[in-house]
Amino acid sequence: MSRYYVTTPIYYVNDDPHIGHAYTTLACDALARFMRLDGRDVRFLTGTDEHGQKVEKAAAEKGIDPQSFTDEISKNFRRLADVMNFSYDDFIRTTEPRHIDSCQAIWKAIASKQSPLRQDNIYLGKYAGWYAVRDEAFYTEGELEEGPGGKKIAPSGAEVEWVEEPSYFFRLSDWQDALLKFYADNPDFIAPASRRNEVVSFVEGGLNDLSISRTTFSWGVPVPDDEDHIMYVWLDALTNYITAVGHPDSDADLWQYWPANLHMVGKDILRFHTVYWPAFLMAAGIEPPKRVFAHGWWTNEGQKISKSVGNVIDPFELVEKYGLDPVRYFLLRQVPFGNDGDFSHQAMVHRLNGDLANDLGNLCQRVMSMVFRNCDGKIPESHSLNATDEQFVTAISDSLDDLRALMEAQAFHQALELIWRHVADANRYVDEQAPWELRKSDPPRMETVLYTLAEGIRNIAILASPFMPDSMDKVFETLGVGEAERGFDRLGPAHALTSGTPMPGKPQPIFPRFVEEDDG
Ligand code: ME8
């Protein structure tokens with residue numbers, strides 16, 4: 001069975017989860033569910049990034065020791081994953097012993113080997129330069145801008161501070177050609193294409209050696225054989241992706257999942273994943289991941305989301321207000337994946353009442369209610385299907401190849417568009433066949449039409465379930481489709497519904513319309 005290993009970024013525990021975190025993990029969840037239904041052996045990893053100055057500072061501000069602080073906040077990310085119905089296989093925390101061991105092992109592996117220019121990969125020096133705690137990143141003078149009050153600001157908008165301390169360096173500058181060759185040999189490594197160009201020109205511009213240890217605080221993984229230093233939090237964090245599949249034990253069963261098929265990240269952390277990470281791995285003698293996709297940024301009603309503006313979107317509140325699957329649908333449908341997107345109440349309600357309540361919800365409710373009322377609460381006989389009936393259903397099952405290609409490209413919005421074309425076809429078929437008019441004039445034809453529609457809905461539900469698993473499970477239950485019969489191998493006429501299967505009860509609407517509360 002072919003393996004599929006997909007990862008989310010591990011989120012900083014300096015603050016509570018927000019819509020951006022939910023978004024990235026949701027995209028991975030839809031992929032993981034899709035690949036599982038497609039018969040692949042999936043490993044889906046998420047977790048929390050718990051070391052570093054930013055987390056240490058946040059704990060100190062609350063007057064709590066960093067370990068207890070991270071224990072608390074990490075739970076909120078796990079709760080988010082559960083509330084959002086994320087099907088992760090492992091939740092890693094960088095404070096776990098397995099991860100500390102793995103970080104020290106990668107450090108030793110890098111240090112024990114030479115760079116392509118035959119120098120030590122790691123050397124001791126002194127860092128004197130700018131650091132942004134918010135980004136946990138080093139910046140050169142040339143990258144900084146003048147902010148309000150003459151303060152120096154990183155391109156991300158984060159404030160920087162001057163840091164001078166002894167530090168180990170990774171000889172990143174020696175890896176420039178190896179990286180450029182890797183990008184050229186693996187054209188799909190960085191997606192979307194515009195991001196790829198951005199990274200290639202950055203690396204072509206030349207690379208500085210990277211400071212990979214800190215000495216002025218202590219919340220981190222100790223550098224092997226030098227207790228004055230802790231490892232730079234990004235080297236620590238990136239290593240989570242291999243820790244979780246057994247590193248440094250290359251005999252572990254889990255190690256079969258490496259290299260990862262996909263690291264999903266936001267555009268803010270592209271450079272760490274496509275420059276530093278493959279360089280660290282090559283230096284340690286480990287194969288780099290197959291692909292990194294950097295998605296875009298959400299704003300709230302046109303405004304940048306920020307705590308100081310007070311417009312942070314709480315994913316728990318969204319789910320409470322609109323329902324889980326509408327939120328899952330909206331986030332993946334509204335914005336071409338890779339682009340920036342804007343969250344607005346109006347757009348959310350428009351999708352919920354349009355695509356979900358009207359198009360898919362009404363289709364299911366109309367058809368299932370007619371079956372329930374007119375066919376004795378059982379899946380009707382199919383009698384003889386004509387060419388229109390057959391084409392209507394097989395067009396749905398035959399679209400799996402196209403859908404798979406879209407998912408492999410992380411084009412979630414197009415995948416949903418494709419499924420919704422089937423929904424539109426189904427609604428057209430209902431209107432054209434008008435089963436309600438056949439009830440008296442031609443009852444067997446009415447049964448055939450309702451059977452065909454139920455079968456169309458079954459196929460649509462299989463394709464849509466990676467995106468909206470709970471709602472599609474309700475559809476399967478109404479149709480009497482068992483849990484083991486919901487995979488992609490059940491698509492198409494060979495596994496069609498069995499006539500006479502009883503429906504469990506009166507069908508209930510799956511997507512109720514969102515009605516504005518009357519303020520007046
Ligand atoms: O960067 N829109 O963690 P982090 C879309 N610990 N996505 C958003 C978003 C927004 N407005 N805001 C955040 C870190 N995200 C590191 C990662 S990985 C080895 C270490 C998402 O908590 C997006 O995926 O700051 C972004 O990359 C991530 O949250 C940053 O999460």
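Glutamate 136 sits in the loop between β4 (122-132) and β5 (137-139), and its backbone is a good place to begin a tour of this predicted model. Phi of glutamate 136 is near 50 degrees, a positive value in a residue other than glycine. A second case is asparagine 85, where phi is also positive, at about 60 degrees, although the residue is not a glycine. Asparagine 85 belongs to the loop between α3 (66-83) and β3. Such places deserve a glance because most residues other than glycine have a negative phi, and most peptide bonds are trans.

The peptide bonds offer two further points of interest. Between alanine 191 and proline 192 the bond is cis, with omega near -10 degrees. Proline 192 can be found in the loop between β9 (190-191) and α6 (193-204). The bond joining tryptophan 258 and proline 259 is cis as well, and here omega is about 0 degrees. Proline 259 lies in the loop between α8 (240-243) and β14.

Stepping back to the whole chain, the protein is divided into domain 1, covering residues 3-296, and domain 2, covering residues 344-495. The C-alpha centres of domain 1 and domain 2 are 42 Å apart. Where the two domains meet, 15 residues of domain 1 and 18 residues of domain 2 take part in the contact. About 1300 Å² is buried between domain 1 and domain 2, and carbon and sulfur atoms give 65% of that area. On the domain 1 side, Phe34, Leu37 and Asp38 together supply 44% of the area buried against domain 2, more than any other three residues.

Polar and charged groups also join the two domains. Between domain 1 and domain 2 there are 5 residue pairs in polar contact. The side of domain 1 that touches domain 2 draws at least two residues from each of α1 (19-37) and β14 (262-266). Of these elements, α1 gives the largest share of that side, with 7 residues. Sorted by class, the side of domain 1 facing this contact holds 10 nonpolar, 1 polar and 4 charged residues. The interface of domain 1 and domain 2 contains 2 salt bridges. In a salt bridge of the model, the side chains of arginine 404 and aspartate 38 come together at 2.6 Å, N to O. Aspartate 38 thus appears twice in this account, as it is also one of the three residues named above for their share of the buried area.

Salt bridges are found in the rest of the model too, and the count comes to 28. One of them pairs the side chains of glutamate 50 and arginine 93, at 2.7 Å from N to O. This pair links distant parts of the chain, 43 residues apart: glutamate 50 is in the loop between β2 (41-49) and α2 (53-62), while arginine 93 is in strand β3 (residues 90-93).

Finally, the ligand is surrounded by 22 residues, of which Ile10, Thr24, Asp49, Asp268 and Trp298 come nearest. Several polar atoms of the protein can be followed to the ligand. An oxygen atom of the ligand lies 2.6 Å from a polar side-chain atom of threonine 24. The backbone contributes as well: a backbone N or O atom of glycine 266 is 3.0 Å from an oxygen atom of the ligand. For tryptophan 298, a polar backbone atom is 2.9 Å from a nitrogen atom of the ligand.

Conventions. Residues numbered from 1 in each chain as written. Predicted model: local features only at pLDDT ≥ 70, side-chain atom pairs only at ≥ 80, totals over all residues. Heavy atoms only, no water. Domains from an automatic or database assignment. Contact = heavy atoms within 4.5 Å. Buried area = accessible area lost by both parts, 1.4 Å probe. Salt bridge = Lys/Arg side-chain N within 4 Å of Asp/Glu carboxyl O. Polar contact = N/O pair within 3.5 Å; in protein donor to acceptor, adjacent residues only side chain to side chain. Helix = DSSP H or I, 4+ residues; strand = E, 2+ residues; numbered from the N terminus. Nonpolar A, V, L, I, M, F, W, Y, C, P; charged D, E, K, R; others polar. Near = heavy atom within 4 Å.
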